[in-house]
Amino acid sequence: MSKTKNHILKLLFKNRNDYISGQKISDEIGCSRTAVWKHIKELENEGYTIASVHKRGYKLIDAPDQLSEAKIYAGLTTKTLGHHLVYQDEIPSTQKKAQHLAEDGAEEGTVVLADEQTSGRGRLGRSWHSPKGTGIWMSLIIRPDIPIHKAPQFTLLTAVAVVKAVKHVTGLDCEIKWPNDILYKGKKFVGILTELQAEAADVKAIIVGIGINVNAAIDDFPEELKDIATSLRAEAGTAFDRAELIQEILKAFEDLYKSYMDEGFGLIKLLWESYAISLGRQIYARTANGTVVQGLAQGINDEGVLLLKDKDGKIHKIYSADIEI
Ligand code: BTN
């Protein structure tokens, strides 16, 4: 989308409940009224419904579920998270892009968002199905002043933020499967990938990748996902506004991040445990090297590490694994 059109869209979103005159738009943007009119027509062709009333100007009535910077900014209530937003219609992976931006010094709170990923990445070297127009594929760059061993706590913080935001926007109560899958009725619809850039023992940046199946139809999932994955739309029977969910996630994340930096992991641990499905149950943890530990999931420790008690009473600390219940 051209810069001018994006700017006009931002103004329309900002004044969503009111008319804004063509003159005001052209003054703010520094283009002619004819150019404003031309861009409004283009937006209408792209699916926006814009009322146009003589002597009053333009008013945004409805917007398609098309992601854009303007749409995200319009309802963003965070103090800083997402204010620097890098949006692309198509990208290989938001995570890769965010990694590069972080290496190049991108500021804390930068968010990379795409409508489609062509090489989305999951945990443990897997790929992540990220089709166009139906999901949320985004990566956040944060730079907390913490030692490396605390970084996994951010996976749990993110999961809590997503559960809260999903509840707020959709009313659905979902559950967390350690460390980072979010499920609804046993089927996964969110994946979180937390990656670290570090110098000696200190964190330089954490890249938090969040993938959410929002409006996808199960029929469109690849065969191997049909029985184990779901989407919010499939569960609720209605489509959701992705921009609204993104805004809520960023807000919930920022609030929890502040609580974490001010008061530590306590509140997040409590919330995480209240949403976790595996605690108190016999589970299998399959680690990356193929080892399987079976035991009773006791909880997480202050570093977000899962504690499993085996049949001999020995406690195993699980740092990274796939969990089977
Ligand atoms: C998982 O395996 O469960 C984690 C999936 C993480 C997917 C997200 S989508 C946005 C970001 N970009 C990527 O390439 N991966 C993460």
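# Pockets, ligand and domains in a predicted model

P179 sits in the loop that joins β6 (175-177) to β7. The peptide bond leading into this proline from W178 is cis, and its omega is near -5°. The model is a predicted one, and this bond is a local detail of the backbone. A second such detail concerns K55, which belongs to the loop between β1 (49-53) and β2 (57-62). K55 is a residue other than glycine with a positive phi, near 70°.

The domain assignment gives three ranges: domain 1 (3-62), domain 2 (69-275) and domain 3 (282-324). Taken over C-alpha atoms, the centres of domain 1 and domain 3 are 56 Å apart. The pockets bring in domain 2 and domain 3.

Where does the largest pocket lie with respect to domain 2 and domain 3? Both domain 2 (69-275) and domain 3 (282-324) contribute residues to the lining, so the largest pocket lies between them. The volume of the largest pocket is about 860 Å³. It is lined by 40 residues, of which R126, S127, W128, K188 and L225 are the closest to its centre. Several elements of secondary structure take part, each with at least two lining residues: α5 (94-103), β5 (135-142), β7 (181-184), β8 (187-199), β9 (202-213) and β14 (322-324). Among the contributors, β8 gives the most, with five residues. Sorted by class, the lining of the largest pocket holds 15 nonpolar, 14 polar and 11 charged residues.

The second largest pocket has a volume of about 400 Å³. Its lining counts 22 residues, and those closest to the centre are P152, T155, T194, Y319 and S320. Here α6 (153-170) and β8 each supply at least two residues. The largest share of this lining again involves β8, which provides five residues. Strand β8 therefore gives the most to the lining of the largest pocket and has the largest share in the second largest pocket. By class, the lining of the second largest pocket is made up of 12 nonpolar, seven polar and three charged residues. Domain 2 (69-275) and domain 3 (282-324) each provide at least three residues of this lining.

The ligand comes next. Which residues come nearest to the ligand? There are 20 residues around the ligand, and S93, Q117, R121, R123 and K188 come nearest. K188 is also one of the residues closest to the centre of the largest pocket.

Polar contacts can be followed atom by atom. In the side chain of T94, an N or O atom is 3.0 Å from a nitrogen atom of the ligand. R121 takes part through its backbone, where an N or O atom lies 2.7 Å from a nitrogen atom of the ligand. R123 also uses a backbone N or O atom, which lies 2.7 Å from an oxygen atom of the ligand. Taken alone, the ligand exposes 410 Å², and the protein buries 98% of that area.

Notes: Residues numbered from 1 in each chain as written. Predicted model: local features only at pLDDT ≥ 70, side-chain atom pairs only at ≥ 80, totals over all residues. Heavy atoms only, no water. 1 Å grid on protein atoms, 1.4 Å probe; cavity = no way out; pocket = protein on both sides within 12 Å on 5 of 7 lines; lining within 4 Å. Points joined across faces, edges and corners; volume = space filled by probe spheres on them. Helix = DSSP H or I, 4+ residues; strand = E, 2+ residues; numbered from the N terminus. Nonpolar A, V, L, I, M, F, W, Y, C, P; charged D, E, K, R; others polar. Domains from an automatic or database assignment. Near = heavy atom within 4 Å. Polar contact = N/O pair within 3.5 Å; in protein donor to acceptor, adjacent residues only side chain to side chain. Areas by Shrake-Rupley, 256 points an atom, 1.4 Å probe, with all protein chains shown as cover.
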